[in-house]
Amino acid sequence: MRCDRVWIKARLATLAEAAPGLGVVEDGVIAAKDGRILYAGPASGAPSFEAPETIDCDGRWITPGLIDPHTHLIFGGDRAHEFELRLAGASYEEIARAGGGIVSTMKATREATEDQLVAAALPRLDALIAEGMTTIEVKSGYGLSLEHELKSLRAARGLAKARPVLVKTTFLGAHALPPEYKGDADGYIDLVCREMIPAVAAPEFGGEGLADAVDGFCEGIGFSPAQIRRVFETARAHGLPVKLHAEQLSNLNGAALAAEFGALSADHLEHLDEAGIAAMAKAGTTAVLLPGAYYFVRETKLPPIEALRAAGVPLALATDCNPGTSPLTSLLLTMNMAATLFRLTVDECLAGVIREAARALGVLADRGTLEAGKACDLAIWDVERPAELVYRMGFNPLHARVWSAVS
């Protein structure tokens, strides 16, 4: 059988859903053609391949490329000064209500050009790529006006032109209330629904095709469930799937609302209740856990991990890379934090940044497992066992990263 490349003498963590655990294959072979996997499995069952390139992995582990399903990678400035305020005892909400937080980053983002936003984001993106990440979600949400949200989404699309990575973009106009709408949240949501979502939707809906999904911040310092419902209804009318920042600081039943709209994911979830868990399980909505934000803001209320497990809700992990509450650019450290802070198992951590992360982005049909027909996005590791990818801190054992360039 002709193909482009073959990897031999590898140990595979296929992450296939039908396989137990990580879907381990001890003496594995992967063959690829035109950027897609032809075969991934045991050498004993492999067809005879003819390829111009055969790579001997010498017993190294191969996983699918890592996936970061929740980032705010495009922003201007930084918020190191707010970190100092938190060290002195200020809460996230206190800083936000005093004019800091998201609105602080909004000002710097509005002042930056599209090229400047791309240039600022590339070092953050490069850090993730260097650890084997091949797919990333990038949100807008720091422009908070039509002009600057469009600029941010174009910058996010620009990252995929500058680096070998698949970028899925999310419109997060309902992130915070801009100063020009102070005291008029409903008026701002009118703008989001009337102008912004139509502008970012696919061309067949009259937009520029800049967004792959729509998100919102359902919280006391964000937007109410009624306001988010309007955003979701508009997103659905324009053919865009939804996801939600839910139950991070309080329980407004945002996860249940997201599930009602068949959301790809509900994210954060520290204050999630049983009703929200049941709704997510019924809808097939993935829980995206963000241990970096939990750690950075010194949260003490854990997400209901055991209840989510018991209900069969898929558990994904993400860096939540952002300037204010999770300036984290390492999925390896994210896994370690999830294990130590949330008590996730090694298998759950690895699935969380691969298979379940793909599910949270709606790309599991094409990525997230080593199976025939899927994009050949690989991470090859110099480790003796997969647990090393979770247990080590500040150490990168990536041997090689393979990106398929198929979308």
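1. The accessible surface of the chain is about 15400 Å², and carbon and sulfur atoms contribute 52% of that area. The model is a predicted one, and all points below should be read with that in mind. Of the 407 residues, 57% count as buried.

2. On overall build, the chain contains 15 helices and 15 strands. Its radius of gyration is 21 Å, while the globule rule gives 22 Å for 407 residues, so the chain is as compact as a globular protein of that length. Along the principal axes, the C-alpha atoms fill a box of roughly 65 × 45 × 40 Å.

3. On contacts along the sequence, those with a separation of 6 or more were considered, and 71% of them join residues 24 or more positions apart.

4. On charge, the chain carries 38 positive and 52 negative charges. The mean positions of these two sets lie 1 Å apart.

5. On aromatic rings, the count comes to 7 aromatic pairs. One of them is the pair of F83 and F296, which is stacked, with 5.1 Å from centre to centre and 20° between the planes. F83 belongs to helix α1 (residues 80-87) and F296 to helix α10 (residues 291-296), so this pair ties together parts that are 213 residues apart in sequence. The two rings' residues can also be described by their exposure: F83 has a relative accessible area of 34% and is partly exposed, whereas F296, at 17%, is buried. The cut-off matters for F296, because buried means under 20% relative accessible area.

6. Elsewhere, Y181, Y188 and F223 are linked into a cluster by ring pairs. A reader inspecting the aromatic residues may wish to look at this cluster as well as at the stacked pair of F83 and F296.

7. On backbone angles, L15 is not a glycine, yet has a positive phi of about 60°. L15 sits in the loop between β1 (5-13) and β2 (24-33). Its relative accessible area is 1%, which places L15 among the buried residues.

8. R343 is another residue other than glycine with a positive phi, in this case near 65°. The loop that holds R343 runs between α12 (331-342) and α13 (346-352). Is R343 buried or exposed? With a relative accessibility of 61%, R343 counts as exposed, while L15 is buried.

Definitions and conventions. Residues numbered from 1 in each chain as written. Predicted model: local features only at pLDDT ≥ 70, side-chain atom pairs only at ≥ 80, totals over all residues. Heavy atoms only, no water. Helix = DSSP H or I, 4+ residues; strand = E, 2+ residues; numbered from the N terminus. Rg over C-alpha atoms; globule rule 2.2 N^0.38 Å. Buried < 20%, exposed > 50% of the residue type's maximum accessible area, 1.4 Å probe, protein only. Contact = heavy atoms within 4.5 Å. Areas by Shrake-Rupley, 256 points an atom, 1.4 Å probe, with all protein chains shown as cover. Lys, Arg positive; Asp, Glu negative; His and termini not counted. Charge placed at Lys NZ, Arg CZ, Asp CG, Glu CD. Phe/Tyr/Trp six-rings, centres within 6.5 Å; stacked < 30°, edge-to-face > 60°.
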